[in-house]
Amino acid sequence: QVQLVESGGGLVQVGGSLRLSCAASGRTFSRFAMGWFRQAPGKEREIVAALSWSGSSTYYADSVKGRFTISRDNAKNTVYLQMNSLKPEDTAVYYCTASERRWLPPNDYWGQGTQVTVSS
């Protein structure tokens, strides 16, 4: 088991930036591949980004490539999602996820979510 707690969401204007953080506890963090999903109102949940156990492999949804960056700090048991050049369509609840079994998608464990709202 691992517990995931997201932070860093909020309201930002179009073109702005936010950095989401996800603090993990309960198990050895380096054993988990990590990811971020999001769900916009009326839409299905979708994967945004994923990061392998070592951090050597990354995945990004086409809609965020070049704008979002996922990273991890194993010493702090934390994964980040740096979001730049935000667009209104990025508005969603963002969920941190983790998995020991696979890195794509790493969706065995979920955080409670953090709201990101991009205003135009």
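Trainee: Among contacts between residues at least 6 apart in sequence, what share joins residues at least 24 apart?

Mentor: In this predicted model, 57% of those contacts join residues at least 24 apart. A contact here means heavy atoms within 4.5 Å.

Trainee: What makes up the secondary structure of the protein?

Mentor: There are 11 strands and 0 helices. From the N terminus on, the elements run β-β-β-β-β-β-β-β-β-β-β.

Trainee: Why is the protein called as compact as a globular protein of its length?

Mentor: Set the radius of gyration against the globule rule. The radius is 13 Å, and the rule gives 14 Å for 120 residues. The two values are close, so the description holds. The C-alpha trace spans about 40 × 25 × 25 Å along its principal axes.

Trainee: How much of the protein is buried, and what is its accessible surface?

Mentor: Of the 120 residues, 44% count as buried. The accessible surface comes to about 5900 Å², with 47% of that belonging to carbon and sulfur atoms.

Trainee: How do you know that Cys22 and Cys96 form a disulfide?

Mentor: Their sulfur atoms are 2.1 Å apart. The cut-off is 2.5 Å, so the pair qualifies. By this rule the count comes to 1 disulfide.

Trainee: Which parts of the chain does the disulfide link?

Mentor: Distant ones: Cys22 lies in strand β3 (residues 18-25) and Cys96 in strand β9 (residues 92-99). The two cysteines are 74 residues apart. Both Cys22 and Cys96 are buried.

Trainee: What is the handedness of the disulfide, and why?

Mentor: Look at the torsion about the S-S bond of Cys22 and Cys96. It is about -80°, so the disulfide is left-handed.

Trainee: How many aromatic pairs are there, and why is the pair of Phe37 and Trp110 called tilted?

Mentor: The structure holds 3 aromatic pairs. For Phe37 and Trp110, the centres lie 4.8 Å apart, within the 6.5 Å limit. Their planes stand at 50°. Stacked needs under 30 degrees and edge-to-face over 60, so this pair is tilted. It links distant parts of the chain: Phe37 in strand β4 (residues 33-39) and Trp110 in strand β10 (residues 109-110), 73 residues apart.

Trainee: Is Phe37 buried or exposed, and how do you know?

Mentor: Its relative accessibility is 8%. Buried means under 20%, so Phe37 counts as buried.

Trainee: What about Trp110: buried, partly exposed or exposed?

Mentor: Trp110 has a relative accessible area of 32%. That value falls between 20% and 50%, so Trp110 is partly exposed.

Trainee: Why is the pair of Tyr95 and Trp110 called edge-to-face?

Mentor: The planes are at 70°, over the 60 degrees required, so the name fits. The centres lie 5.9 Å apart. Tyr95 is in strand β9 and Trp110 in strand β10, 15 residues apart. At 13% relative accessible area, Tyr95 is buried.

Trainee: What makes a cluster here?

Mentor: Ring pairs link Phe37, Tyr95 and Trp110 into one.

Trainee: How do you know that a charge sits over the ring of Trp110?

Mentor: The charged end of Arg45 is 4.7 Å from the ring centre. The distance limit is 6 Å, with an angle condition alongside. Arg45 counts as sitting over the ring. Likewise, the charged end of Arg72 sits over the ring of Phe29, 4.5 Å from its centre.

Definitions and conventions. Residues are numbered from 1 along each chain as its sequence is written. This is a predicted model: local features need pLDDT of at least 70, side-chain atom pairs count only at pLDDT 80 or more; totals for chains, interfaces and linings use all residues. Side-chain values use heavy atoms; hydrogens and water are left out. Helices (H or I, at least four residues) and strands (E, at least two) are DSSP runs, numbered from the N terminus. Buried means under 20% relative accessible area, exposed over 50%, partly exposed in between (1.4 Å probe, protein chains only). Rings of Phe, Tyr and Trp (its six-membered ring) pair if their centres lie within 6.5 Å; planes under 30 degrees apart count as stacked, over 60 as edge-to-face and the rest as tilted. A charge sits over a ring if NZ of Lys or CZ of Arg is within 6 Å of the ring centre and within 35 degrees of the ring normal. The radius of gyration is taken over C-alpha atoms; the globule rule is 2.2 Å times the number of residues to the power 0.38. Accessible areas come from the Shrake-Rupley method with a 1.4 Å probe; for residues, only the protein chains shown count as cover.
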